[in-house]
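User: I would like to go through some of the labels attached to this structure and hear the reasoning behind each one.

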2 protein chains.
Amino acid sequence: MAAKLTSTSNSVLLQNPNRNHLSVPNVTSGAASFPHFTAKIKPFSIRCAATSTAPTTSFQAQIQDSDDRVFNFAAGPATLPAHVIKKAQDELYEWRGSGMSVMEMSHRGKEFLSIIQKAESDLRTLLNIPEDYAVLFLQGGATTQFAAIPLNLCKPDDPVDYLVTGSWGDKAFKEAQKYCKPKVIWSGKSEKYTKIPSFDGLEQSPDAKYFHICANETIHGVEFKDYLTPRNGILIADMSSNFCSKPVDVTKFGLIYAGAQKNVGPCGVTIVIVRKGLIGNAQAITPVMLDYKTHVDNNSLYNTPPSFCIYMCGLVFEDLLAQGGLKEVEKKNKKKAELLYNAIDESNGFYRCPVDRSVRSLMNVPFTLERSDVEAEFIKEAAKEKMVQLKGHRSVGGMRASIYNAMPLAGVEKLVAFMKDFQARHT
Amino acid sequence: MAAKLTSTSNSVLLQNPNRNHLSVPNVTSGAASFPHFTAKIKPFSIRCAATSTAPTTSFQAQIQDSDDRVFNFAAGPATLPAHVIKKAQDELYEWRGSGMSVMEMSHRGKEFLSIIQKAESDLRTLLNIPEDYAVLFLQGGATTQFAAIPLNLCKPDDPVDYLVTGSWGDKAFKEAQKYCKPKVIWSGKSEKYTKIPSFDGLEQSPDAKYFHICANETIHGVEFKDYLTPRNGILIADMSSNFCSKPVDVTKFGLIYAGAQKNVGPCGVTIVIVRKGLIGNAQAITPVMLDYKTHVDNNSLYNTPPSFCIYMCGLVFEDLLAQGGLKEVEKKNKKKAELLYNAIDESNGFYRCPVDRSVRSLMNVPFTLERSDVEAEFIKEAAKEKMVQLKGHRSVGGMRASIYNAMPLAGVEKLVAFMKDFQARHT
């Protein structure tokens, strides 16, 4: 179903079985808007070989709503579904007959309670979260959780294991050093964070209180495809950048946490899903706001929560359910990622993704150019074509395309067409 | 300039020098919408004795924008200026030609940097904040600061002083017990938090590292009208509920902190203004996200900030400057508070405010009814008249009208008219 793009020297052949000649697909209009390239440098043409008249899906309807918007490949805060923002815009001034904006609602009033309860309920449905897990909407980002996790789950002398597959896992490990005895049982640093090890060979600490991973490393584009069962049974995952991008068996985890600003909302809210049996033994030095018991006992309303951000997450959860749930979302994400990785791998080395193929992220796609001297030009030209935030993280360099849930297929198609064109003009 | 309402048995005389008979003022339409009272219980009439044709101010223009909205007296999250929400609504889908919503912007991109930098700059102008103070936009609410303050400014054995004038001051004190040796040098608890003591008689601890107050107690309606200079010179104030409601001499403080959700924005962002010289000595157990140095060194961008909330604060700061700054804002707040307190004090005991007159809050006005049996009726009828969230905090009971910056004068006028009518029908 994915639009298949094949590059033959200076021409790009677009094969999109979902679209016909009459309804011009976004990617064509996108690619066709590169005439200054063809004029200035080399001939460049796009032919649409669409053959199917399959009905327009809601996903495509969404794309067509984004005419005046750029394709935003930022790693987070990141693109949100255009129609979700439209809905928020429609009811920003006055929410559903309440006479006020969501931003103005008392967090203890019936209107906001209905919002947060529905958000939690929809998230429970999406991820099939059992009743013995609490769902919390907190503040402070995943970075605050780096401290909260050991403070809640360990005593100062407790050993814990960290598997470090990128910068975020490393940061989590370092923060834990303040509150317990964490051990890095494997690190991908020497290989520039491009791998995830086989679980069989890992030497876990016999008495480790938990086992921590970063399920998707946003900066390095390394993603776990399956999960180990640690010796003590308590697997903890930072899912900030792949949360709700695919189904997850929550029961395999003691705790899952995620900043919302990649796949499920704006920044300013952090979601924690924690097995209730793990709560209630925080260290005495734990700030009351970092103690999970505080928030579990008060349904995330101990103090004023980031209510507008929670509301936005709720709208996104509704949308993910309307798309058919996370299995359907995963299919779309796989299609987009496949398209982009194929373009890289089929570029004869013009583009390179350093990540081990078996653990490449569906969300964050880092790549470099063989000719590093034209990387700045690549970014600049892409921005002119309304594809922004493609620059790689400052610690890594190169390019990075973040293609979260809300990135339309058309955005990836346009990027791939541009990449092929750019390559044709620079080889 | 305020609409003066005088009650003569069953009739309410509305004297509004700013408005004439032709342009029907909001308060009249509000009060006139109580016909079911007059029909069911007692005759009730309103006459408008407006005599002036003074030009409409921007403040009044704002009021007229709020036709489909309620008057929201919530203590926070609270009412925001209607035209500020309209502006946010206008640009929610696509911010000023950027091709994206503010919610989608990379926090390190030039668009968001321009937003946060302008917000900080405008706040510095509003409060005349000197360069040797840092301005931080953080997460976690004032409750997180209850821990961050002692963690940053004390060692575990350091004495500190807390002056407790209400529930929030008490919570701050209790959290500090985890990280230093705080002492309550005065508490208003035995008098139900209705007073602030004379500063002369306070016995400060000789070696206290700082002196903590809550500048305005949201629940009890007790507000400092001036500030003491502590022995060690480091005064710390929780200004959550009166931040930017009046001018403040920042140089009198070591640190000021405030949740935004009362006077300057939606919930989800906490503003800290701290003398730079106090930073850099956090206890080793301080979570990196609670260490002020982390945020000062990174201009509040160490990790992803609550960007949409910061943007909203920026719009409010612009509006406060456009109103003429905090001196003008204070005048309006005084006018509103005077109107409401006068209505209470002139009710022959039907309404009562328990707070010592010299320290009554301009922001939060708690009051009880002599006939506590009709309090629920009062709240219910007010809600029918589109005046909501008037119920007092669960720990105090009675009523509370929060009349922050964004509460229009018309809202207080309508409340006062309703109070007089309600009284007439229940005495």
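User: Why is A:Glu318 called partly exposed?

Analyst: The model is a predicted one. A:Glu318 has a relative accessible area of 25%. Buried requires under 20% and exposed over 50%, so A:Glu318 is partly exposed.

User: What makes A:Glu318 and A:Lys87 a salt bridge?

Analyst: The closest N and O atoms of A:Glu318 and A:Lys87 are 3.6 Å apart. The cut-off for a side-chain nitrogen of Lys or Arg and a carboxyl oxygen of Asp or Glu is within 4 Å, so the pair qualifies. It links distant parts of the chain, with A:Glu318 in helix 9 (residues 307-322) of chain A and A:Lys87 in helix 4 (residues 82-90) of chain A, 231 residues apart.

User: Is A:Lys87 buried or exposed, and how do you know?

Analyst: Neither label applies: A:Lys87 has a relative accessible area of 35%, which makes it partly exposed. Salt bridges that share partners also join A:Lys87, A:Lys118, A:Asp122 and A:Glu318 into one network.

User: What makes A:Glu223 and A:Lys246 a pair that ties parts of the chain together?

Analyst: Their closest N and O atoms are 3.1 Å apart, and they form a salt bridge. A:Glu223 lies in strand 10 (residues 222-223) of chain A, while A:Lys246 is in the loop between strand 11 (235-238) and strand 12 (255-259) of chain A, so the pair ties together parts that are 23 residues apart in sequence. Both A:Glu223 and A:Lys246 are buried.

User: How do you know that B:Glu370 and B:Arg352 form a salt bridge?

Analyst: The N to O distance is 3.8 Å, and the cut-off is within 4 Å, so the side chains of B:Glu370 and B:Arg352 count as a salt bridge. B:Glu370 is in the loop between strand 15 (364-369) and helix 11 (375-384) of chain B, and B:Arg352 is in strand 14 (residues 351-352) of chain B. B:Glu370 is partly exposed at 48% relative accessible area, and B:Arg352 is partly exposed at 45%.

User: How many salt bridges does the structure hold over all chains?

Analyst: There are 44 over all chains.

User: Why are helix 10 and helix 12 of chain A called roughly parallel?

Analyst: Helix 10 (residues 326-345) and helix 12 (residues 409-425) of chain A pack at an angle of about 5°, with their axes 9 Å apart. Angles under 35 degrees count as roughly parallel, so helix 10 of chain A is roughly parallel to helix 12 of chain A. Among the contact residues are A:Leu339 and A:Leu340 of helix 10 and A:Val412 and A:Met419 of helix 12. The contact residues divide into 9 nonpolar, no polar and 4 charged.

Terms used: Residues are numbered from 1 along each chain as its sequence is written. Chains are lettered from A and ligands numbered from 1 in the order in which they are written. This is a predicted model: local features need pLDDT of at least 70, side-chain atom pairs count only at pLDDT 80 or more; totals for chains, interfaces and linings use all residues. Side-chain values use heavy atoms; hydrogens and water are left out. Axes are lines fitted to C-alpha atoms, for helices over the stretch in contact, and angles run from 0 to 180 degrees between N-to-C directions. Helices (H or I, at least four residues) and strands (E, at least two) are DSSP runs, numbered from the N terminus. Angles under 35 degrees count as roughly parallel, over 145 as roughly antiparallel, 65 to 115 as roughly perpendicular and the rest as oblique. Contact means heavy atoms within 4.5 Å. Ala, Val, Leu, Ile, Met, Phe, Trp, Tyr, Cys and Pro count as nonpolar, Asp, Glu, Lys and Arg as charged, and the others, Gly among them, as polar. Buried means under 20% relative accessible area, exposed over 50%, partly exposed in between (1.4 Å probe, protein chains only).
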